[in-house]
Amino acid sequence: MEEITEAVSNLNVSETHKKNRIQVSNTKKPLFFYVNLAKRYMQQHNEVELSALGMAIATVVTVAEILKNNGLAVEKKIMTSTVEVKDDGKTRPIQKAKIEIVLGKSEKFDEIMAAAAEEREAAAEADEHN
């Protein structure tokens, strides 16, 4: 318990609690959960930071590419590094790859999002009439 308390007190709060950061896992949520969450973060903060370790890096890259290819985001910064992670059963920490991708709103972001919202409303109305 002491080591947990020590780790928590050593955290840099501004670094670990960015309001526009999404830490992606490749096991917990489906891909489009992260795509839609990133869209919401860009609406609120004008940019989003996608972050992942190890095997989840492919998911982050895919999310970023979907947003870019749909005209919603522009790439601002990509950072790669390695971090030491303590594995539960092992005594020595292991090195894991880390990626951080910062995406900003594209010029047409609001336009595209408004058009998508109109399409959803039209589809909902059509469902009500059927």
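Which residue in β4 does serine 51 stand opposite? The tour below leads to the answer, and it concerns a predicted model.

**The whole chain**

Begin by displaying the entire protein chain as a cartoon. The protein chain contains 5 helices and 4 strands. Followed along the sequence, these elements come in the order α-α-β-α-β-α-β-β-α. If the view is then coloured by burial, 27% of the 130 residues of the protein chain count as buried.

**Strand β2 and its partners**

Select residues 47–53, which form strand β2. This strand is mostly covered, as 5 of its 7 residues are buried. Add residues 21–23, which make up strand β1. Strands β1 and β2 pair in the parallel sense, and 3 bridges connect them. To see one such pairing, select isoleucine 22, whose bridge partner in β2 is leucine 50.

Next, add residues 94–105, which are strand β4. Strands β2 and β4 run antiparallel and are joined by 7 bridges. Here the opening question is settled: serine 51 stands opposite glutamate 100 in β4. While these strands are in view, a general point may help in reading the side chains: in a regular strand they alternate between the two faces of the sheet.

**Strand β3**

Select residues 73–85 to show strand β3. Strands β3 and β4 pair in the antiparallel sense, with 12 bridges between them. One place to look is alanine 73, whose bridge partner in β4 is lysine 105.

**Salt bridges**

Now display the side chains of the charged residues. How many salt bridges are counted? The count comes to 6 salt bridges. Select glutamate 47 and lysine 76, whose side chains meet in one of them, with an N to O distance of 2.8 Å. Glutamate 47 belongs to strand β2 and lysine 76 to strand β3, so this pair ties together parts that are 29 residues apart in sequence. Glutamate 47 is partly exposed, with a relative accessible area of 26%, whereas lysine 76 counts as exposed at 52% relative accessibility, because the term "exposed" applies over 50%.

Move to lysine 68 in helix α4, residues 57–69. The side chain of lysine 68 meets that of glutamate 65 in a salt bridge of 2.9 Å, N to O. Lysine 68 and glutamate 65 are 3 residues apart in the helix, so about one helical turn separates them. Lysine 68 also forms a salt bridge with glutamate 75, where the closest N and O atoms are 2.4 Å apart. Lysine 68 is partly exposed, with a relative accessible area of 25%. Glutamate 65 likewise counts as partly exposed, at 32% relative accessibility, and so does glutamate 75, at 43%.

Finish this part by selecting Arg21, Glu49 and Glu100, which are linked in a network of salt bridges. Glutamate 100 has already appeared on this tour as the residue opposite serine 51.

**The negative patch**

For the last stop, select residues 109–129, which form helix α5. Then show Glu118, Glu119, Glu121, Glu125, Asp127 and Glu128, which gather in a patch of negative charge on the surface. Is aspartate 127, which lies in helix α5, buried or exposed? Aspartate 127 counts as exposed, because its relative accessibility is 58%.

Notes
Residues numbered from 1 in each chain as written. Predicted model: local features only at pLDDT ≥ 70, side-chain atom pairs only at ≥ 80, totals over all residues. Heavy atoms only, no water. Patch = residues over 30% accessible without salt bridge, like charges linked within 9 Å, V, L, I, M, F, W, Y side chains within 5 Å. Areas by Shrake-Rupley, 256 points an atom, 1.4 Å probe, with all protein chains shown as cover. Salt bridge = Lys/Arg side-chain N within 4 Å of Asp/Glu carboxyl O. Lys, Arg positive; Asp, Glu negative; His and termini not counted. Charge placed at Lys NZ, Arg CZ, Asp CG, Glu CD. Helix = DSSP H or I, 4+ residues; strand = E, 2+ residues; numbered from the N terminus. Buried < 20%, exposed > 50% of the residue type's maximum accessible area, 1.4 Å probe, protein only. Pairing = 2+ DSSP bridges.
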